[in-house]
Amino acid sequence: MKVRGLVAALNGNKRFKFKSPEYAVDNLVIGGGVVGLAVAQRLAQTHPSKSTYLVERHSTAGEETSSRNSEVIHAGLYYPPDSLKTRLCLRGRRLLYERCETHNIPFSKTGKLVVAQDQQRAYIESLHAKAQKLPWPPHSDPADTHGPVLPTKLISGDEARYMEPDLHKNIAAALWSPETGIVDSHTLMESLEKEIIDSENGELVYSTKVVRIDSSRDEPGWVVQTVTGEAEEGDALLARTVINCAGLTAPLILNAILPESKRMPMYFARGSYASYRGPGVDRISHLIYPCPPIGKDSHAFHSLGTHLTLDLQGKIRFGPDLDWLTPPTDSEDPDFWQKHLVPDDSRLPMMYHAVKEYLPGVSQDGFQPDYCGVRPKLVGPEAGFVDFIFRRDKASGQEEGEMISLLGIESPGLTASLAIAEYVVEDLMGRGA
């Protein structure tokens, strides 16, 4: 399967002409999802004397990927050991549980079973073997590092059915991950918003989109034009450092400063979720993940399979599935994916058959469309693993005036969000933040 990537850049129609900046900020964060909020909160907390502005094009935080996911706190099982996804998921999981405890953010450490049929044993055995060897990530508290960073346990099918009696009799083994959980992502984002607003020099600006970006002609930094609401004209500011956390449109912003031959294509993968009310799940108390499909055009890194998650009220949902979106040939609209957010019942039969592989008692009538989300992908379905990318560009080609672009921040982005902020502010920006 091949999908066309969308190559587009901010202000591609040249509508917005260059404007001289009217004021300056030290740090400009573009994008008010959970990652952008975490970065802005970290900057405002660690560098209170410097100005940190966050601009978000929607009227509230987290309107895109951050509010359309499973709200799972991932343990860190699935990614290559030396990847940033693994490192930042492990560190972020710790930071997230700590923040939930100290800020009264609702969460539950439910634990997770990755269930396997007999021919899939090798997959969960490899996850377990990898988990045993993972080192503690940088910035870990030495007091925490005496045990394994990712505890897991291989159990038999009978042991899995003792924990979850509704599981299929063909489940031969499972991997138990006690550190997996769920979180109220909206309360998490509200807590980050509050700390930015209450900080000395932090500011949140909603309903404001970035429409043009140029390297500054006068002093180090970037001239960024923004438009608020339905205004016809933009305002220009000088940002000494830009942190591009725009999620699905992060490549769009980066492409505005790149020559056409080096622009990045954007790929979009929709995931649909179904709510479930019916038989076959009466006693579920843990998250349940099947082994993901692996084959010629299936990579576990793109999707973890149609899994069962719980919310904090105990409601069961299944998903997400994986549906690659093809951009329309007659348009370069980078927001075309928004038309694909309305859930429908077209995906339900496939989801039902996928779930019956491990929960045979479910009824197709119990599945109802719930919501959809879109994952920011950097490669199409034929490619393999791609790590989180933190790209650094200088406005002048010198050391000053940096743009840091966070690219491909999909799962485990929610889990990793606080660690991503730590990595950007402490490791990439360092003392000069």
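This report walks through the overall build of one chain, the packing around its last helix, and a few unusual backbone spots.

## Overall build

The model is predicted. Its chain holds eight helices and 20 strands. The radius of gyration is 22 Å, close to the 22 Å that the globule rule gives for 433 residues, so the chain is as compact as a globular protein of that length. Along its principal axes, the C-alpha trace spans about 70 × 55 × 35 Å.

Buried residues account for 58% of the 433 residues. Contacts also reach across the sequence. Among contacts with a separation of 6 or more, 75% join residues 24 or more positions apart.

## Helix α8 and its partners

Helix α8 covers residues 413–429. Two helices that pack against it are described here, α1 and α2. The table sets out the two pairs.

| Helix pair | Angle | Axis distance | Residues by class |
|---|---|---|---|
| α1 (residues 34–46) and α8 | about 40° | 8 Å | twelve nonpolar, three polar, three charged |
| α2 (residues 84–102) and α8 | roughly 105° | within 6 Å | eleven nonpolar, two polar, six charged |

Take α1 first. At an angle of about 40°, α1 and α8 are oblique to each other. Their crossing is right-handed. On the α1 side, the contact uses V34, V35, A38, V39, R42, L43 and T46. On the α8 side, the residues include G413, L414, S417, L418 and I420. Further along α8, the contact also takes in A421, E422, V424, V425, E426 and M429. By class, this contact has twelve nonpolar residues, three polar and three charged.

Now α2. Its axis and that of α8 cross at roughly 105°. That makes α2 roughly perpendicular to α8. From α2, the residues L84, R87, L88, C89, R91, G92, R93, L95, L96 and R99 take part. They meet L414, T415, A416, L418, A419, I420, E422, Y423 and D427 in α8. Eleven residues of this contact are nonpolar, two are polar and six are charged.

Some α8 residues serve both contacts. L414, L418, I420 and E422 are among those listed for α1, and L414, L418, I420 and E422 are also listed for α2.

## Cis peptide bonds

Two cis peptide bonds are described here, and a proline follows the bond in each case. One joins G319 and P320, with omega about -5°. P320 sits in the loop between β16 (316–319) and β17 (323–325). The other runs from S411 to P412, where omega is near 10°. P412 belongs to the loop between β20 (402–407) and α8. That loop leads into the helix described above, which starts at residue 413.

## Positive phi before β1

The segment before β1 (23–30) contains N11. K14 lies in that segment as well. N11 is not a glycine, yet its phi is positive, about 60°. K14 is not a glycine either, and its phi is also positive at about 60°.

Are these two residues buried or exposed? The cut-offs are under 20% relative accessible area for buried and over 50% for exposed. N11 has 13% relative accessibility, so it counts as buried. K14 has 56% relative accessibility, so it counts as exposed.

Methods
Residues are numbered from 1 along each chain as its sequence is written. This is a predicted model: local features need pLDDT of at least 70, side-chain atom pairs count only at pLDDT 80 or more; totals for chains, interfaces and linings use all residues. Side-chain values use heavy atoms; hydrogens and water are left out. Axes are lines fitted to C-alpha atoms, for helices over the stretch in contact, and angles run from 0 to 180 degrees between N-to-C directions. Helices (H or I, at least four residues) and strands (E, at least two) are DSSP runs, numbered from the N terminus. Angles under 35 degrees count as roughly parallel, over 145 as roughly antiparallel, 65 to 115 as roughly perpendicular and the rest as oblique. A crossing is left-handed if the near helix is turned anticlockwise from the far one by less than a right angle, and right-handed if clockwise. Contact means heavy atoms within 4.5 Å. Ala, Val, Leu, Ile, Met, Phe, Trp, Tyr, Cys and Pro count as nonpolar, Asp, Glu, Lys and Arg as charged, and the others, Gly among them, as polar. The radius of gyration is taken over C-alpha atoms; the globule rule is 2.2 Å times the number of residues to the power 0.38. Buried means under 20% relative accessible area, exposed over 50%, partly exposed in between (1.4 Å probe, protein chains only).
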